[in-house]
Amino acid sequence: MQTTFEIPTRGPGLTEFTPQVSRWLAGQGDGVLTLMVRHTSASLLIQENADPEVQDDLQAYFHRLVPPSDDPSMAYLRHTYEGPDDMPAHIKAAMLPVSLSIPVAAGVMRLGTWQGIYLFEHRRAPHNRQVAAHFA
Amino acid sequence: MQTTFEIPTRGPGLTEFTPQVSRWLAGQGDGVLTLMVRHTSASLLIQENADPEVQDDLQAYFHRLVPPSDDPSMAYLRHTYEGPDDMPAHIKAAMLPVSLSIPVAAGVMRLGTWQGIYLFEHRRAPHNRQVAAHFA
Amino acid sequence: MQTTFEIPTRGPGLTEFTPQVSRWLAGQGDGVLTLMVRHTSASLLIQENADPEVQDDLQAYFHRLVPPSDDPSMAYLRHTYEGPDDMPAHIKAAMLPVSLSIPVAAGVMRLGTWQGIYLFEHRRAPHNRQVAAHFA
């Protein structure tokens, strides 16, 4: 079966959507869940869901690793017409997962205790993001 | 069903092969496409297919993030006997996707409007690369 | 069919577990193997299995790219209460693969000649890691 998860974002950062996925799988059997983000400026992460500071630190780290294109260190970038957060968003979308494959047993994802599923927004403006999902 | 896509490269950079994949899936139903690059010095990307400058910028960024091993900042590397582009290629192949999972509906990949599938060559010399594919 | 691979680690670095996976798949037909690490401070890699120096260099590179949180360059990190290797482990687990999808033909993974499957431990202490596996 297939669906599309719609994830509204509020600008840069992580948005958890584990509960939506769990509800969709409830009552299913064994199989694999496939998730794919339908954008080139956002990513999917499986990350720790206990301490919200982890999410802030992840965003801070990747912002420093891939600074906006108006930072002097990024002066060589050419694809800048959508703004200084445009090309860095593509770079982060290359570096971080675009698709995830998650084994499911008796309708429950086999995530570890501390694992949640996140949409990582890389653009400055809020967006409505789509994640294509397949289970079989 | 399974196949192998053969992708000739011309040295470092991205080569799109979305059309070959689309043709192979044409006429199929719903399912998941799995792609896996059979090399440790090349990667698979889903990236923006509109402005070719995005591809140049991606290559330029990762070349700076992981410089050749004859760069003084990389003097600690030991696996260098195949040349200065050898170990950086392995590092990029660890950092960027080796496999992709793409939901397919009625024989069409559920990619977003601006998404294309690319082979990212990390070595300086041209290579013939293989991508193992499975659809079910 | 599903299983869980148990991988003991000896602190930071790569542990190959290709033979365990190959044995589990022996005698099966065509399909896709899905692997997912059930932790947010370890990763899965497909990497070169010939020269052990590649594994040392990979660990050295990512240790420099994401230094411990007591390094002055990482002073902005907030999630530090489990020690200086805590948040860097989460960052590496975001950057490197959490799941892998590998086409299988006649019970044999379609890996390239030089490819092996590794668990990449990011914490300083030894751990027992779990990898959820599905084949169909």
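Me: Buried means under 20% relative accessible area. With that cut-off in hand for this predicted model, are F5(B) and W24(B) buried or exposed?

Reply: F5(B) is buried, and W24(B) is buried too. Each of these residues therefore has a relative accessible area under 20%.

Me: How many aromatic pairs does the whole structure hold, and what makes F5(B) and W24(B) one of the edge-to-face kind?

Reply: Over all chains, the search returns 12 aromatic pairs. For F5(B) and W24(B) the ring centres are 5.8 Å apart and the planes meet at 90°. Ring centres must lie within 6.5 Å to count as a pair, and planes over 60 degrees apart count as edge-to-face. Both conditions are met at 5.8 Å and 90°, so the pair is called edge-to-face.

Me: Why can the pair of F5(B) and W24(B) be said to tie parts of chain B together?

Reply: F5(B) belongs to strand 1 (residues 2–8) of chain B, whereas W24(B) belongs to helix 1 (residues 18–25) of chain B; the pair therefore joins parts that are 19 residues apart in sequence.

Me: Why is the pair of F62(C) and F120(C) called edge-to-face?

Reply: Its centre-to-centre distance is 6.3 Å and the angle between its planes is 75°. The limits are within 6.5 Å for the centres and over 60 degrees for the planes, so F62(C) and F120(C) form an edge-to-face pair.

Me: Which parts of chain C does that pair link, and are its two residues buried or exposed?

Reply: F62(C) is in helix 2 (residues 52–65) of chain C and F120(C) is in strand 7 (residues 115–121) of chain C, 58 residues apart. Both F62(C) and F120(C) are buried.

Me: What joins F5(A), F17(A) and W24(A) into a cluster?

Reply: Ring pairs link these three residues of chain A.

Me: How do you know that the charged end of R64(A) sits over the ring of Y76(C)?

Reply: The charged end of R64(A) is 3.7 Å from the centre of the Y76(C) ring. The distance limit is within 6 Å, so the value of 3.7 Å satisfies it. A further condition places the charge within 35 degrees of the ring normal; R64(A) is listed as sitting over the ring, so that condition holds too. For R64(B) over the ring of Y76(A), the distance is likewise 3.7 Å.

Me: Why is the link between R78(B) and E53(C) called a salt bridge?

Reply: Their closest N and O atoms are 3.2 Å apart. The cut-off is within 4 Å, so R78(B) and E53(C) qualify. Chains B and C have 2 salt bridges between them, together with 17 residue pairs in polar contact.

Me: Which elements of chain B give two or more residues to the side that touches chain C, and which gives the largest share?

Reply: The contributors are strand 1, strand 3 (31–37), helix 3 (86–95), strand 5 (99–105) and strand 8 (128–135) of chain B. Helix 3 of chain B supplies the largest share, 6 residues. The contact as a whole takes 29 residues from chain B and 32 from chain C. About 2600 Å² is buried between these chains, with 58% of it on carbon and sulfur atoms.

Me: What makes E53(A) and R78(C) a salt bridge?

Reply: The N to O distance is 3.2 Å, and the limit is within 4 Å, so the two side chains qualify. Between chain C and chain A the count is 2 salt bridges.

Notes: Residues are numbered from 1 along each chain as its sequence is written. Chains are lettered from A and ligands numbered from 1 in the order in which they are written. This is a predicted model: local features need pLDDT of at least 70, side-chain atom pairs count only at pLDDT 80 or more; totals for chains, interfaces and linings use all residues. Side-chain values use heavy atoms; hydrogens and water are left out. Rings of Phe, Tyr and Trp (its six-membered ring) pair if their centres lie within 6.5 Å; planes under 30 degrees apart count as stacked, over 60 as edge-to-face and the rest as tilted. Helices (H or I, at least four residues) and strands (E, at least two) are DSSP runs, numbered from the N terminus. Buried means under 20% relative accessible area, exposed over 50%, partly exposed in between (1.4 Å probe, protein chains only). Contact means heavy atoms within 4.5 Å. Buried area is the accessible area (1.4 Å probe) that two parts lose on being put together, summed over both. A polar contact is a pair of N or O atoms within 3.5 Å; within protein, one must be able to donate a hydrogen and the other to accept it, and residues adjacent in sequence count only if both atoms are side-chain atoms.
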